[in-house]
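Biologist: I would like a close look at a single part of this model. Please take one strand and follow its neighbours outward, charged pairs included.

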Amino acid sequence: MIEMLKKIVLICGIVVLKFDTYAQNQDSIPQKVMAVVADKFPATRVMNLEYQSTGSYKFSSKYLGNDLPKGEVTALHQVSGSININLVKKSKWTLGANVGYRFISIASQNSDLFPEQIKHEADYFHYHHESLNFTYYSKLFGKMIIYSGRVMVDGSEKGIERAKGIVTGTLVLKATKKVQMSIGLVALLDPAAIVPVLPTFIYKEQYANGWMLDMVLPRSAYVRKTIFPNSRLSLGADITSTFFYLHNFAGSDHVYSFNQMEINSGLIYEHNLGGSFIVSFKTGMKTIPRARIFEKNEKQEDYIFEASPNPSLYFNAGLSFNPFAKKRR
């Protein structure tokens, strides 16, 4: 049962890496759906900066199916930034681009991330991604349907490593001021994906006294509460990933991918500073079902290294800018 749960979480995590936020521009979306995109704390933000620190944790691991001595990561720091822009805006479609960069620094016991037999040359890594995104709005069964496609490349400081793609379809079942609900399918054009297609479910409902239920499955689920006119507190969990490329790993001239799926459970505090700037602070428990290393052009099932880390504490601070943010009335 535990192994089955781990596999389910891993599959969801793969989708989270590709999960497209469908509406990035309030001017190109009908009025009934604007509330999903352009509220005071939107899911998609034009510019975003984040710093995350993860506390120490121990892990067991295997290399080529053989058990390795237990290790310990004493600190994991990540600094990241991203920009979402619309290149063309029309009434029924948008063309946009996304650019992001992440710096990962890992400190471990004895100053090595991996045991001596698979020692890597550095404990810091660079990861970048760039994508071109197309979104089209139409009608199906009398309801709005949103089609989107994304072509993405990513890589390391040595250049572009891989090209990937994603196609989504999202049917808006309900879009009122109080409730927004939609269902969809995500198709992953990536040989490393565990499943090629996965369903999605988005549900957001406003309650009295500033309470809100906000679910974007399989990515996240939160209960939110407005505590001041420009602030809110959230309790829940989301699935994220630490991903980067490895060169000169275990003495090989091949390029490998490191993929660590993470469930971040805890509290989020967000404050709208006015002028479309938002600060956020997150803290709680990070659970890592599995971390794997596999050759970048191979499937994840063909991994050469696998680790099972213990849970750890984490802290995240962010600053974002969104010109479409609105004051709640």
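Modeller: What follows starts at one strand, β17, and works outward through its partners. The model is predicted. Its mean pLDDT is 83, and 82% of the residues reach 70 or more. Residues 1–38 are a weak spot, with pLDDT below 50. That stretch still has 96 contacts in the model beyond near neighbours in sequence.

Now the strand itself. β17 covers residues 312–321. Which residues lie on its covered face, and which on its uncovered one? The covered face holds S312, Y314, N316, G318 and S320. The uncovered face holds L313, F315, A317, L319 and F321. Side chains in a regular strand alternate between the two faces of the sheet.

β17 has pairing partners to follow. One is β1, residues 47–54, which runs antiparallel to β17 over eight bridges. Within that pairing, T54 has Y314 as its bridge partner in β17. Y314 belongs to the covered face. Another partner is β15, residues 277–295, also antiparallel to β17 and joined to it by 10 bridges. Here S280 stands opposite G318, a further member of the covered face.

Stay with β15, and turn to charge. Side chains of opposite charge can pair when their charged atoms come close. R290 and E306 form a salt bridge, 3.0 Å from N to O. R290 sits in β15 and E306 in β16 (residues 305–309), so the pair links parts of the chain 16 residues apart. R292 also meets E306 in a salt bridge, at 3.1 Å from N to O. R292 is in β15 too, 14 residues from E306. Are these partners buried or exposed? Both R292 and E306 are buried. E306 has a relative accessible area of 15%, and therefore counts as buried under the 20% limit. R290 is at 7%, so it is buried as well.

The count of salt bridges comes to 10. One of them joins D190 to R162, with the closest N and O atoms 2.4 Å apart. This pair also links distant parts of the chain: R162 in β8, D190 in the loop between β9 and β10 (197–206), 28 residues apart. D190 counts as buried because its relative accessible area is 10%. R162 counts as buried because its relative accessibility is 6%.

β8 leads on to a charged residue in another setting. K177 lies in the loop between β8 (159–175) and β9 (179–189). K177 counts as exposed because its relative accessibility is 77%. The C-alpha atoms of K177 and E205 are 8.7 Å apart, with their positions 28 residues apart along the chain.

Back to β1, for the nonpolar surface. M47, in the range 47–54 of that strand, belongs to a nonpolar surface patch with I83, I85, L87 and L132. Together these residues have about 430 Å² of accessible area. Which strand gives the patch its largest share? Strand β4 (residues 71–89) does, with three residues. I85 is found in β4. At 39% relative accessibility, I85 is partly exposed, because that value falls between the 20% and 50% limits.

To recap, β17 pairs antiparallel with β1 and with β15. β15 carries R290 and R292, and each has a salt bridge to E306. M47 is part of the nonpolar patch.

Notes. Residues numbered from 1 in each chain as written. Predicted model: local features only at pLDDT ≥ 70, side-chain atom pairs only at ≥ 80, totals over all residues. Heavy atoms only, no water. Helix = DSSP H or I, 4+ residues; strand = E, 2+ residues; numbered from the N terminus. Buried < 20%, exposed > 50% of the residue type's maximum accessible area, 1.4 Å probe, protein only. Pairing = 2+ DSSP bridges. Patch = residues over 30% accessible without salt bridge, like charges linked within 9 Å, V, L, I, M, F, W, Y side chains within 5 Å. Areas by Shrake-Rupley, 256 points an atom, 1.4 Å probe, with all protein chains shown as cover. Salt bridge = Lys/Arg side-chain N within 4 Å of Asp/Glu carboxyl O. pLDDT = per-residue confidence, 0-100. Contact = heavy atoms within 4.5 Å.
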